[in-house]
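Visitor: I should like to learn how features of a structural model are read. May we proceed feature by feature, beginning with burial?

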Amino acid sequence: MSCVFCKILSGEALASIIYRDEQVTAFRDIHPIARTHILIIPNRHIASVNELEPGDEALVGHMLMVAKALAAQEGVAENGYRLMVNTGVHGGQTVAHLHLHLIAGKLARFLLG
Ligand code: AMP
Ligand code: ZN
């Protein structure tokens, strides 16, 4: 398996993991673009939104609920944050394992437009 996020899930690659349950794992982005930059990924390899299937609704909803909880935990819920899912080459996706970016801090406004 060459997927870097699957390697993080298996422990083969190191990451700063801040949350894990049966369905998802969250860790800090290795190249943060704002003070808070967390990636929330499914524990099952799903390449992108394009590969989501019927039955994945609860998983996707859970990813959002975990993002909400982590935003509160990081202390950014009140001031606000950006949730982003890049899909495919034109969408700016560079890692082919579905991931939800949780980005917060003043820089997020400037860097992402
Ligand atoms: P995207 O461009 O939406 O596919 O985002 C991929 C993100 O994964 C980028 O923000 C990278 O900085 C991040 N990333 C890539 N490799 C790692 C890694 N080994 N650990 C943590 N974050 C990573
Ligand atoms: Zn993967």
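Guide: We may begin with one residue. H97 has a relative accessible area of 0%, so H97 is buried; the cut-off for that label is under 20%. Please keep in mind that the model is predicted.

Visitor: Which atoms coordinate the zinc ion (ligand 2)?

Guide: The donors are C3 (SG), C6 (SG), H45 (ND1) and H97 (ND1), at 2.0 to 2.3 Å from the zinc ion (ligand 2). Along the chain, these donors follow the spacing C-x2-C-x38-H-x51-H. C3 lies in the segment before α1 (4–10), whereas H97 lies in the loop between β4 (82–84) and β5, so the pair ties together parts that are 94 residues apart in sequence. C3 counts as buried, because its relative accessibility is 10%.

Visitor: What is the geometry of the site of the zinc ion (ligand 2)?

Guide: The general reference comes first: ideal angles at a metal are 109.5 degrees for four tetrahedral donors. In this model, the angles among the 4 donor atoms of the zinc ion (ligand 2) run from 104 to 118°, and the site is tetrahedral.

Visitor: Let us turn to the other ligand. Which residues are the closest to ligand 1?

Guide: The closest are D29, N86, T94, H99 and H101, out of 16 residues that surround ligand 1. Individual atom pairs give further detail. An oxygen atom of ligand 1 is 2.6 Å from a polar backbone atom of T94, and an oxygen atom of the ligand is 2.9 Å from a polar backbone atom of G92. For H99 the partner is in the side chain: an N or O atom there is 2.9 Å from an oxygen atom of ligand 1.

Visitor: Where is H99 found, and is H99 buried or exposed?

Guide: H99 is found in the loop between β4 and β5. With a relative accessible area of 5%, H99 is buried. A polar atom of the H99 side chain lies 2.6 Å from the backbone oxygen of H97. H99 therefore has a polar partner in H97 under the cut-off of 3.5 Å. Leaving aside neighbours within four places in sequence, H99 is in contact with F5, L39, I40, I41, M84, V85 and Q93.

Visitor: How should H101 be described, given its place among the residues closest to ligand 1?

Guide: One may take its element, its burial and its partners in turn. H101 is placed in strand β5 (residues 100–104). H101 counts as buried because its relative accessibility is 9%. The side chains of H101 and H37 are joined by a polar contact of 2.9 Å. Not counting residues up to four places away in sequence, H101 touches D29, H37, I38, L39, R82, L83, M84 and N86.

Visitor: What does L98 contact, leaving aside its neighbours within four places in sequence?

Guide: L98 is in contact with I40, I41, P42, I46, A47, S48, V49, L52, M63 and V85. L98 has its place in the loop between β4 and β5 and, at 4% relative accessibility, counts as buried. A C-alpha separation relates sequence to space: L98 and V49 are 49 residues apart along the chain, with their C-alpha atoms separated by 6.6 Å.

Visitor: How many salt bridges does the count come to?

Guide: The count comes to 2 salt bridges. E74 forms one with R28, in which the closest N and O atoms are 2.7 Å apart. E74 lies in helix α2 (residues 57–74) and R28 in strand β2 (residues 24–28), so this pair ties together parts that are 46 residues apart in sequence. E74 is partly exposed, with a relative accessible area of 23%, and R28 is partly exposed at 33%.

Visitor: What is the distance between the closest N and O atoms in the salt bridge of D56 with R44?

Guide: In the salt bridge of D56 with R44, these atoms are 3.1 Å apart. D56 and R44 both lie in the loop between β3 (36–42) and α2, 12 residues apart. D56 counts as buried at 7% relative accessibility, whereas R44 is partly exposed with a relative accessible area of 43%.

Visitor: Which residues does H62 contact, leaving aside its neighbours within four places in sequence?

Guide: H62, found in helix α2, is in contact with D21, Q23 and V24. From C-alpha to C-alpha, H62 and P42 are 9.5 Å apart in space and 20 residues apart in sequence.

Terms used
Residues numbered from 1 in each chain as written. Chains lettered and ligands numbered in written order. Predicted model: local features only at pLDDT ≥ 70, side-chain atom pairs only at ≥ 80, totals over all residues. Heavy atoms only, no water. Helix = DSSP H or I, 4+ residues; strand = E, 2+ residues; numbered from the N terminus. Buried < 20%, exposed > 50% of the residue type's maximum accessible area, 1.4 Å probe, protein only. Polar contact = N/O pair within 3.5 Å; in protein donor to acceptor, adjacent residues only side chain to side chain. Contact = heavy atoms within 4.5 Å. Donors = N, O, S within 2.8 Å, 3.2 Å for Na, K, Ca; no water. Tetrahedral: all angles 85-135°; square planar, octahedral: opposite > 155°, others 65-115°. Salt bridge = Lys/Arg side-chain N within 4 Å of Asp/Glu carboxyl O. Near = heavy atom within 4 Å.
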